[in-house]
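The following exercises concern a helix, a sheet and a loop. Please work through each task before reading its solution.

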Amino acid sequence: MAISKVSMEPIDHVVSANPIPPTTPVGKPPKSVFGDRDHDDTSITAPTSAENIRVAVRIRQYISKKDDKEVDCRSVVFNEAKTVFATYRLPLQEGGKDEKRSFSFDHVFGQSASQEAIFLELFRIPMAKFIRGFNVCCFCYGQTGSGKTWTMLGGDKPETVGMIPRALTEIFAHIATQKHKKEFKVTVSAVEIYNEQLKDLLNTTAAVDLRIIEHKTQGVSIKNLTNLTVETVNDVTSLLELAVASRVVAATQMNATSSRSHMIFSVTLCQQDIADEFGVTKLEGVMHLVDLAGSERQSATGATGATLKEGANINQSLSTLGNCINGLVAGAAHIPYRDSKLTRILQNALGGNSSTLMIANVSSTNANVNESVSTLRFADRAKQIMNHATVNFDPKNTKFLQLLEENKRLLARVQELEARKMKSSICSLM
Ligand SMILES: Nc1ncnc2c1ncn2[C@@H]1O[C@H](COP(=O)(O)OP(=O)(O)O)[C@@H](O)[C@H]1O
Ligand SMILES: [Mg+2]
């Protein structure tokens, strides 16, 4: 295999500079995960429970620069069977020789995969579930500079738009096709977790006390977090722009980069049939779209003092994420969701009532291979979790629907008996 000519910029020194996606996409509208089909619910193939946690790997594309030197990009490669091979050198104390590990995943994307191709392949199931009232979560995991923010938010050209804006466009495209028979309400919130502190990205002026609360039936939510109703795709992309801008400002004030914080952008879709006067067809699902901080280990970054503390807190969320995944895979009785803010908020997405998609972003260069192997191991464990996603439908409504059916049946029976009675009295008169 040829050695790629790529940038020599070390991956953990790349500062995320992703432009904010455009509010109004120019050019062709993005392709829908539902193809040219009508979005009528029955035309979409129902996802199976085995598809509730899916793991994809994206190997980062390198952009060559003027003063490029040759960089070996052969440390992470994959084949058509979606097996990823990572070749790395063991430390001297472990023999210092080359080791090759292989991992298999549901989806693997190489350096040339487009944002559109990734969205169409990965988001068909989450979108189909979300519009049917399921909870959905998508997050990217990987070291700083591996392309997480690029994958989730993308660039400013129509072809480089990332997963979050594409998913938002898709939600409103679906609403447009169903508006004649359903009423929809879409609300949006955005929260940042930095140093284990929560920050409302849609309201940065007032200092509010954001608190994670747990409701018996509705699950975990954040008290006092701004939740705004949106009517159009432009409304929602403007809020995404606001959230991304607030995150960047906060990062600058704290002399940090946004790659050290986690951002959770959440969309709640509430729907009900127009003809339904009792509210029994009401469905509600939440889609969490997450841009995580870099997963690199502190020993690799040489951090000290405040940076080390901050790193420890970032790692508290990420290491708890790892512990929760390990616990879920091992079938542990106690899963430590409460040990970090990230895992508490995403509790449903991990081993709960959610259809979850994880995209593991890795670099293919030799210099980053240890972090890449650690990301691949993490992704490999996550693959083994079994989630039990169910549609968010009020159980009271099931009983109510049964009673309505029974009522209809009894009315028909009464009408039938009355008709028979009338027929026999006519006969007796003749
Ligand atoms: N597939 C890609 N195509 C073009 N640019 C990319 C791609 N992946 C990453 N980049 C660029 O590389 C840099 C680091 O990526 P970023 O998404 O910020 O990494 P992370 O969020 O994992 O720290 C950014 O400048 C980003 O624009
Ligand atoms: Mg980032």
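This is a predicted model, in which local features need pLDDT of at least 70 and side-chain atom pairs count only at pLDDT 80 or more, while totals for chains, interfaces and linings use all residues. Residues are numbered from 1 along each chain as its sequence is written, and chains are lettered from A and ligands numbered from 1 in the order in which they are written.

**Exercise 1.** Determine the strand order of the open sheet that three strands form, and identify its edges.

Solution. Helices (H or I, at least four residues) and strands (E, at least two) are DSSP runs, numbered from the N terminus. Two strands pair if DSSP finds at least two bridges between them.
- Step 1: The order is β4-β5-β6, with antiparallel pairing.
- Step 2: β4 (76–78) and β6 (98–104) each have a single partner strand, so one side of each lacks a neighbour in the sheet and both stand at the edges.
- Step 3: From one strand to the next, the twist averages 20°.
- Step 4: Three bridges join β4 to β5 (residues 83–89) in the antiparallel sense. In this pairing, Val 76 has Ala 86 of β5 as its bridge partner.

**Exercise 2.** Establish how α9 is placed against the sheet, and whether Leu 376 is buried or exposed.

Solution. Axes are lines fitted to C-alpha atoms, for helices over the stretch in contact, and angles run from 0 to 180 degrees between N-to-C directions.
- Step 1: α9 lies across β4, β5 and β6, and runs at about 140° to β5.
- Step 2: Leu 376 belongs to this helix, which spans residues 369–382.
- Step 3: A residue is buried if 20 or more other C-beta atoms, placed from the backbone, lie within 10 Å of its own, exposed if 12 or fewer, and partly exposed in between. Leu 376 is buried because it has 22 such neighbours.
- Step 4: Contact requires C-beta atoms, placed from the backbone, within 7 Å. Beyond its neighbours within four places in sequence, Leu 376 contacts Val 84, Ala 86, Phe 103, Ala 360 and Val 362.
- Step 5: Val 84 is 292 residues away along the chain, yet the C-alpha atoms of Leu 376 and Val 84 are separated by 8.5 Å.

**Exercise 3.** Describe the backbone phi values and exposure of Asn 195 and Glu 196.

Solution.
- Step 1: Asn 195 lies in the loop between β9 (182–194) and β10 (197–200), and Glu 196 is found in the loop between β9 and β10.
- Step 2: Phi is positive in these non-glycine residues, near 55° for Asn 195 and near 60° for Glu 196.
- Step 3: Asn 195 is partly exposed because its count is 19; Glu 196 is partly exposed because its count is 14.

Definitions and conventions: Contact = placed C-beta atoms within 7 Å.
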